[in-house]
Amino acid sequence: MSLMRKKSVQGMLEFAQTAKGLRKELTAFDLTMLGIGAIIGTGIFVLTGTGATVAGPGLVLSFIIGAFACGFAALCYAEFAAMLPISGSTYTYAYATLGELIAWIIGWDLMLEYLLASSAVSVGWSGYFQSLLGGFGVHLPEALTAAAGAVPGKSTLFNLPAFTIAMLITALLAFGIKESKRVNNIVVLIKVAVVLMFIAIGIWHVKPVNWSPALPYGMNGVFHGAAIVFFSFLGFDAVTCAAEEVKDPARDIPKGVIWSLAICSILYVIVSAIMTGIVPYAQFAGIDHPVSLALQVAKLDWFAGFVDLGAILGMLTVILVMTYGQTRILFAMSRDGLLPKIFSEVNPKYGTPYKATWLIGTIIALIAGFIPLHTLAELVNIGTLAAFSLIAIAIIKLRKTEPNLPRKFVCPGVPYIPALAVIFCVFLMAQLSALTWLCFVVWLVIGLVVYFGYSRKHSHLHKPS
């Protein structure tokens, strides 16, 4: 029974009202910018091309399916976040409803999501940054342009730009959330402006003939595309990691979650429709800069440089928010005793988990520098989909076990909306490869070894016999 021990919801609410440490600096606008900063990046600038090769013009449907899966989960997140404004996101919610072991598994999944996503996006940022430098005639030594074996036929050893940007983001986060939010808000406004400019200019170059056939690979292609582009929506959940740093979390977190996801979903659908209308879908094969390709086909090369800049800025904020989310998940797990205390020590000057931020940031930077990450998007997706499914189940359970808890935001249509979240997420998980499932199982096994070897005994809920 100790595996299913739960934290008291009432006790967590009292803690949220009295806890001190992290500074409360964020508003609904900041949270929306935080969500958009995490969502718009690799997905819209890179994965739109990958999705188009498997779904064709049906990529629009792929994005809509992905948006529904995330939308149903977002409503569940919003209810929990308004009710339990505490760092830790899904991990914290599961601890109060499903028990410690399930909470640990979710926290372990989220570590996989944020750690690998931050590293992978750092590598993607490096590619666009080097492309921009190349436009000015500046080229790094070949050995420092990518990880060993990342580029066939080239003697690469280390991805210096990816390592450097990850460390710079780490420094920014370590020195305070106020400084981080300012940078994020400015960059988000710039990259959204770039996306809107692409829509305004690109729509005049669409050739409807390119949308035929609409579903060249049938619905199987659309579903496969949805499983791939799901990565594009990751990040809205990171908003809930900021709960303890929000001025009015019960009011503002639901707004931040829902607004950011809605804005990004609309932009994704419009951009994918315009891209596949400008360029025949088959031409996106092997292309890692699909938006720029669409502009080149439309003979708008003058605007391609702005898109490259938007991609660089877009990925910059994704790295920032994902690294931020990683440190706050670890902060919550450490404060519960499931991880060493170093992860929950708050620097009195900066009001941040200073040591944990530098430790995690360095790991992210080293992974980005030394490991080719082109196959890891699916692995990030499967961990997140599993966490989304469990949080939807937790909403249904909490409505039965704690029906009288004050809820400032109520997920509509319970149990149907949470059930749809589970169905959509499990369906998308089924579209992923066998290798992805194997890697996921291995990661879970490692997590269980850590839990039974350390966390279970050090948990603050542990009662020695």
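Buried means under 20% relative accessible area, exposed over 50%, and partly exposed in between, with a 1.4 Å probe and protein chains only. The model is predicted: local features need pLDDT of at least 70, side-chain atom pairs count only at pLDDT 80 or more, and totals for chains, interfaces and linings use all residues. Residues are numbered from 1 along each chain as its sequence is written, and side-chain values use heavy atoms, with hydrogens and water left out.

**Exercise 1. Cysteines**

Task: Find how many disulfides the structure has, and classify Cys70 and Cys439 by accessibility.

Solution:
- Step 1. A disulfide is a pair of cysteine sulfur atoms within 2.5 Å. The search of the whole structure gives 0 disulfides.
- Step 2. For Cys70, the nearest cysteine sulfur belongs to Cys425 and is 7.0 Å away, and Cys70 is in no disulfide.
- Step 3. Cys70 has 0% relative accessibility and therefore counts as buried.
- Step 4. Cys439 has 33%, so the class is partly exposed.

**Exercise 2. Salt bridges around Glu79**

Task: Determine which residues share a salt-bridge network with Glu79.

Solution:
- Step 1. A salt bridge is a side-chain nitrogen of Lys or Arg within 4 Å of a carboxyl oxygen of Asp or Glu. The count by this rule is 6 salt bridges.
- Step 2. Arg399 and Glu79 form a salt bridge, with the closest N and O atoms 2.7 Å apart. Arg399 is in helix H14 and Glu79 in helix H4, 320 residues apart. Helices (H or I, at least four residues) are DSSP runs, numbered from the N terminus.
- Step 3. Glu79 is buried because its relative accessible area is 1%, whereas Arg399, at 25%, is partly exposed.
- Step 4. Glu79 also forms a salt bridge with Arg407, the closest N and O atoms being 2.9 Å apart. Arg407 lies in the loop between H14 and H15, so this pair ties together parts 328 residues apart in sequence. Both Glu79 and Arg407 are buried.
- Step 5. Through shared partners, Glu79, Arg399 and Arg407 are joined into one network.

**Exercise 3. Aromatic pairs**

Task: Assign a geometry to the pairs Phe72 with Phe424 and Phe80 with Tyr93.

Solution:
- Step 1. Rings of Phe, Tyr and Trp (its six-membered ring) form an aromatic pair if their centres lie within 6.5 Å; planes under 30 degrees apart count as stacked, over 60 as edge-to-face and the rest as tilted. The whole structure holds 21 aromatic pairs.
- Step 2. Phe72 and Phe424 are 5.5 Å apart centre to centre, with 65° between the planes, which is edge-to-face. Phe72 is in helix H4 and Phe424 in helix H15 (residues 416-430), so the pair ties together parts 352 residues apart in sequence.
- Step 3. Phe72 is buried at 12%; Phe424 is partly exposed at 23%.
- Step 4. The ring centres of Phe80 and Tyr93 are 4.8 Å apart and the planes are at 5°, so the pair is stacked. Phe80 belongs to helix H4 and Tyr93 to helix H5 (residues 90-97), so parts 13 residues apart in sequence are tied together. Phe80 and Tyr93 are both buried.
- Step 5. Phe80 and Tyr93 belong to one aromatic cluster with Tyr77, Phe230 and Phe388.

**Exercise 4. Thr317**

Task: Locate Thr317 and identify the side chain in polar contact with Thr317.

Solution:
- Step 1. Thr317 is in helix H12 (residues 301-335). At a relative accessible area of 2%, Thr317 is buried.
- Step 2. A polar contact is a pair of N or O atoms within 3.5 Å; within protein, one must be able to donate a hydrogen and the other to accept it, and residues adjacent in sequence count only if both atoms are side-chain atoms. The side chains of Thr317 and Lys191 are joined by such a contact of 2.5 Å.

Note on methods
Helix = DSSP H or I, 4+ residues; strand = E, 2+ residues; numbered from the N terminus.
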